[in-house]
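Here are some exercises to work through with the model open beside you. Try each task before reading its solution.

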Amino acid sequence: MDAAALWSLLAVLLGGRVGLGFVGVATHHGHVGLVTATLCGLLTLWTRRALLWRWRHRSARPGWWTTIVHALSGGARAFFEALAVPVAAYYWAHAGVVLPSPFRFAVALLVVGLASWVLHRAGFSWHELRAVPSRKRAKEAFGVVWRPWSAHVAWLTLTLAWLPPQGDVQRLLHERYGEQDADFDSFQWVDEPFDGFRTALSNARGLMLVSSAEALADVQLLHVALSHEGVPVRVASTYDLSDTAAVAEAQLTVWQKWAVWSVVHAGAARSIEVADLRGEPESAMAAWPLLSRIQRAITNRQQTGQWRGVGRSSVELQHEPERVQLTVDDGVLRALVAERTVELDLGRVPSAETLGANLVYRSSPPPRPGAVVPWAVDRLRAVSWIGSERMQWLKGWVFRASEQLEELQQEVVGIDPDEVIAEQIGDVLGSLPLARSGEIPGWPPQPLQPLFKVPMAGEGRWVSLAEDLLAPAYDGAGSPFVFTFIRTDPERAYIQTSVTLWDPRRVELHVVAGTEEPKSATGEQGTGTIPREPEVLQRVVGAFNGAFQAVHGQYGMMEERRVQLPPKPYAATVLTYDDGQAGFGTWPADGIIGDDVVSLRQNLTPLVQDGLVNPYRRTWWGGVPEGWTEESRTVRSGLCLTTEGFLAYFYSPGITPDGLSQAMTIARCDYGIHLDMNAGHTGFEFYRVAPETELPKLERRLDSLWEARGRVDGVEGYTFLARLMVRKMPLMNFPRYIHVTSRDFFYLTRRELLPGAPLPGTAGDAEDDARWRLLDIGGVAWPHAGAIARLRASDDDGVERAFLITRLDPKQLQWVGDGAIAEVGLQIPSGAGPEDPSDQTVLWFSQRRFVIAASNPGAAQRVAVGAAVRPQRPEAVLCVDAFGMLTLVAPDEPAEHGVSESLLSRIGCGQRMYFETRARVLAGESLAGARERSDATWFVRSALAGAKRVLSETPVVPPQDWAYVQQRPVQYVSPDATGSAQR
């Protein structure tokens with residue numbers, strides 16, 4: 001006890017319940033204690049007088065022995081009240097500091113209610129009350145209920161709302177963090193300490209940098225409980241705002257309700273983080289239903305301690321400078337980055353001019369929560385005393401109970417496979433035609449061989465999606481998507497696995513990290529969305545779920561060269577490359593991410609590798625606790641590269657890992673990966689995205705269970721049509737991937753292949769003009785590497801003449817090497833570019849893309865030098881579109897009049913460079929005898945596969961070798977001497 005508490009106890013013992021004892025209480029608890037003590041003293045005197053009056057009326061003829069007994073009992077009671085109540089009050093007030101303020105106050109109110117009720121039941125009778133004269137009834141009732149020691153209970157209860165002072169915040173921080181390497185000097189108040197009744201209901205917030213032996217410094221949000229006088233008494237709770245295991249936070253600065261800090265790795269700053277502690281923007285949730293807003297508020301309360309959450313944004317530093325200094329004043333963040341000062345207004349999106357070339361602004365809008373059950377599972381998993389392991393046990397028992405109920409239904413009433421599968425798939429098989437061979441070599445693949453001796457109608461046979469209005473439609477060669485289903489469980493013939501397969505030569509794979517999952521270890525938050533660029537959106541054709549949450553293994557994740565989780569050894573990996581190809585392989589033990597890798601995603605070990613099922617002999621595939629005797633049958637999904645070079649997505653409403661791997665084997669998978677699982681988290685969506693006027697008008701109403709139409713957020717005028725892969729696919733928040741989502745996913749875009757759409761001709765064009773003619777390059781029939789068309793248009797002087805439009809696909813070409821035989825050339829005579837270097841620009845060939853830029857974009861080959869600004873009469877123009885395709889525009893015959901801007905706009909010419917001399921593409925007949933020309937740049941044919949096996953050198957090792965390295969915490973690898981880095 002402190003001196004004030006001892007004086008309070010001594011005064012109560014010497015002076016009774018009234019008087020000097022309450023002076024000690026006032027000394028201990030401040031002016032509120034004084035007011036409370038005075039009120040309790042008056043109540044004590046009044047209730048003592050009321051009880052004596054009641055005793056005289058009950059004892060009509062008291063004797064001397066009655067007086068003695070009454071005095072002794074009253075004295076004993078007074079001594080007990082004087083000793084026990086203050087001691088209990090003191091220790092209860094000090095013990096109460098472990099409780100949150102609102103809970104402590106609620107307990108206090110409960111004590112008052114229970115005490116009053118007990119006193120009423122023990123010492124008061126309604127029959128006695130009726131015998132009291134009406135003019136004294138209220139006084140009697142009040143006196144009986146508020147006995148003398150109940151007044152002490154009231155005093156104790158009221159004083160619980162104000163805690164006794166314990167010390168300054170620095171001492172509390174040392175007590176809270178102990179041996180952790182916390183930077184106590186970095187602590188800064190977000191809310192200035194307050195006093196009064198508010199301290200009973202809320203805490204003051206502060207921020208501090210905290211690290212430990214296992215983790216680098218993180219920014220933690222502290223909720224500090226205050227006494228009524230505004231003195232810190234305890235650290236009520238802490239929340240990790242950054243939670244980055246592989247990088248450190250530094251330079252924490254707080255201004256009002258804003259906080260900024262830098263993210264540092266290996267001595268270099270990677271980004272500047274901005275936190276709005278007022279909460280997440282309301283505008284981002286304005287269109288959400290009430291239930292979603294309640295879910296988000298509960299999530300925020302669990303993660304940040306406040307219902308509104310914390311708004312987040314960041315400024316990424318492209319070149320990672322070693323010197324970054326942050327200051328905040330009057331709502332302006334001033335960042336000194338590599339000798340350059342950047343000023344950013346907090347709460348506003350900075351302009352491109354403000355950021356400059358080396359800074360990228362990223363915001364983190366709150367993602368809409370999903371279905372209640374999956375969301376509740378995640379929230380319970382985050383509760384400290386439940387955790388992931390207990391949640392896995394609960395899920396395991398739920399899965400087992402579901403299986404038993406299903407088996408009981410099968411035994412009692414039976415389950416009709418035809419009816420169940422038809423209901424699950426919908427009318428996809430019945431309404432769409434079978435896929436037939438066309439001009440594309442190897443497409444579609446051969447049908448699948450069903451496992452059952454008597455297959456169901458359509459089982460294993462591919463249907464084409466070319467005639468599905470809600471699925472991607474393609475001209476000419478038809479849809480690159482086919483669909484079928486297969487069964488792998490002889491005991492449950494009603495369980496099917498749906499398979500959607502596509503040609504990666506025509507469809508490109510991309511990876512997106514969710515805004516919250518997988519949880520980043522490097523401070524790099526995922527975008528959670530498909531890029532809001534019209535040239536990308538118009539090519540989006542589908543999207544599907546990613547892999548496990550970080551809590552289930554922290555498997556690698558990288559989006560657009562930004563690492564969220566470093567890759568783990570022996571994990572099944574999907575990679576995307578600069579040239580647009582996708583790679584499938586097992587990550588090596590000492591792997592470094594190559595410079596040509598754009599994105600990657602990992603999960604577990606491969607289900608299928610080189611046709612072998614489960615080569616790494618894994619026994620746990622998620623859904624149940626490790627060591628569970630049997631794997632669960634639940635919703636599972638997977639992705640594989642087939643032996644024919646196609647990609648396939650698998651979805652089943654109830655399958656084991658063995659069943660999923662068997663389905664992949666039937667589909668002729670060369671390499672297969674287990675993706676996410678459980679209903680709500682898994683699903684595939686088809687899209688058609690275009691300006692609103694260009695989408696087809698449907699003559700029927702959409703089935704809301706698996707079809708949707710809506711506007712694309714963030715892009716004015718764009719709308720979408722969406723359809724789930726099968727009808728009964730309970731994917732939460734459908735349509736999901738076209739909006740911002742909290743979990744990672746893959747999306748698919750249509751590739752731009754030659755010849756492409758016809759050119760806009762004129763009335764004067766001959767029938768064969770303005771149509772693409774394919775160039776003979778390398779003798780490869782498909783995909784085509786070059787095309788040419790003849791188009792009539794007006795030149796600069798308004799004279800109509802013929803122009804040649806030639807296109808080259810860089811993805812089908814390769815820079816000519818030593819000893820190689822050239823198959824196509826770009827001839828631009830020497831001296832075609834301007835003499836003044838300031839007027840020049842350069843055409844580069846980089847990573848199977850053509851790029852027009854003044855400087856080398858990185859590891860690129862220089863093709864030609866031209867004019868950046870249009871000369872008076874350009875004789876040739878090179879154009880590069882957003883996907884790196886090259887277009888050459890030149891007169892069919894030499895002329896004195898140049899290529900007009902109206903023609904360039906008419907054919908959709910993008911980035912441009914101009915030449916005052918004639919240029920041409922050498923291929924086919926024009927190539928004969930021209931291979932030795934020094935004024936030409938040469939290429940060879942190199943058809944793009946679209947998807948390939950990579951990392952084949954990774955050995956297959958036993959579980960004792962790979963399990964340990966996969967369970968270790970993530971490690972972030974710095975750039976090596978060759979420039980490769982995990983970033």
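**Exercise 1. Find the side-chain partners of Gln496 and describe its surroundings.**

Start with Ser498: its side chain and that of Gln496 make a polar contact of 2.9 Å. (A polar contact is a pair of N or O atoms within 3.5 Å; within protein, one must be able to donate a hydrogen and the other to accept it, and residues adjacent in sequence count only if both atoms are side-chain atoms.) Next, look at Gln424, whose side chain has a polar contact of 3.1 Å with that of Gln496.

A word on ground rules: this is a predicted model, where local features need pLDDT of at least 70 and side-chain atom pairs count only at pLDDT 80 or more, while totals for chains, interfaces and linings use all residues. Residues are numbered from 1 along each chain as its sequence is written, and side-chain values use heavy atoms, with hydrogens and water left out.

Now place the residue: Gln496 sits in the loop between β14 (481–486) and β15 (497–502). (Strands, E, at least two residues, and helices, H or I, at least four, are DSSP runs numbered from the N terminus.) With a relative accessible area of 1%, Gln496 is buried; that label means under 20%, exposed means over 50%, and partly exposed is in between (1.4 Å probe, protein chains only). Finally, list the contacts (heavy atoms within 4.5 Å): leaving out residues up to four places away in sequence, Gln496 touches residues including Ile421, Phe485, Tyr651 and Pro653.

**Exercise 2. Trace how β10 is paired, and say how many of its residues are buried.**

Take β9 (residues 324–329) to begin with: it runs antiparallel to β10, with six bridges joining the two. (Strands pair if DSSP finds at least two bridges between them.) Here Gln325 is the residue opposite Leu336 of β10. The hairpin has two residues between the strands, and Asp330 takes a positive phi near 55 degrees there.

Then go to β11 (residues 340–345), which is also antiparallel to β10 and joined to it by six bridges. On this side, Thr341 is the bridge partner of Leu336. This hairpin has two residues between its strands too, and Ala338 has a positive phi near 50 degrees.

Last, the burial count: five of the six residues of β10 (residues 332–337) are buried, so the strand is largely enclosed by the rest of the structure.

**Exercise 3. Which residues of α18 are buried, and which exposed ones does the face turned away from them carry?**

In α18 (residues 959–967), pick out Trp962, Val965 and Gln966 as buried. They span an arc of only 100 degrees around the axis, so they lie on the same side of α18; the arc is that of the directions from the helix axis to the C-beta atoms. Turn to the face directed away from that buried side, and you meet the exposed Gln960, Tyr964 and Gln967. The background is simple: an α-helix has 3.6 residues a turn, so residues three or four places apart point the same way.

**Exercise 4. Look for the cis peptide bond before Pro518 and the one before Pro735.**

Check Glu517 to Pro518: the bond is cis, with omega near -5 degrees. Pro518 belongs to the loop between β16 (507–512) and α15 (534–537). Then check Phe734 and Pro735, also joined by a cis peptide bond, with omega about -10 degrees. Pro735 is in the loop between β30 (718–724) and β31 (745–750).
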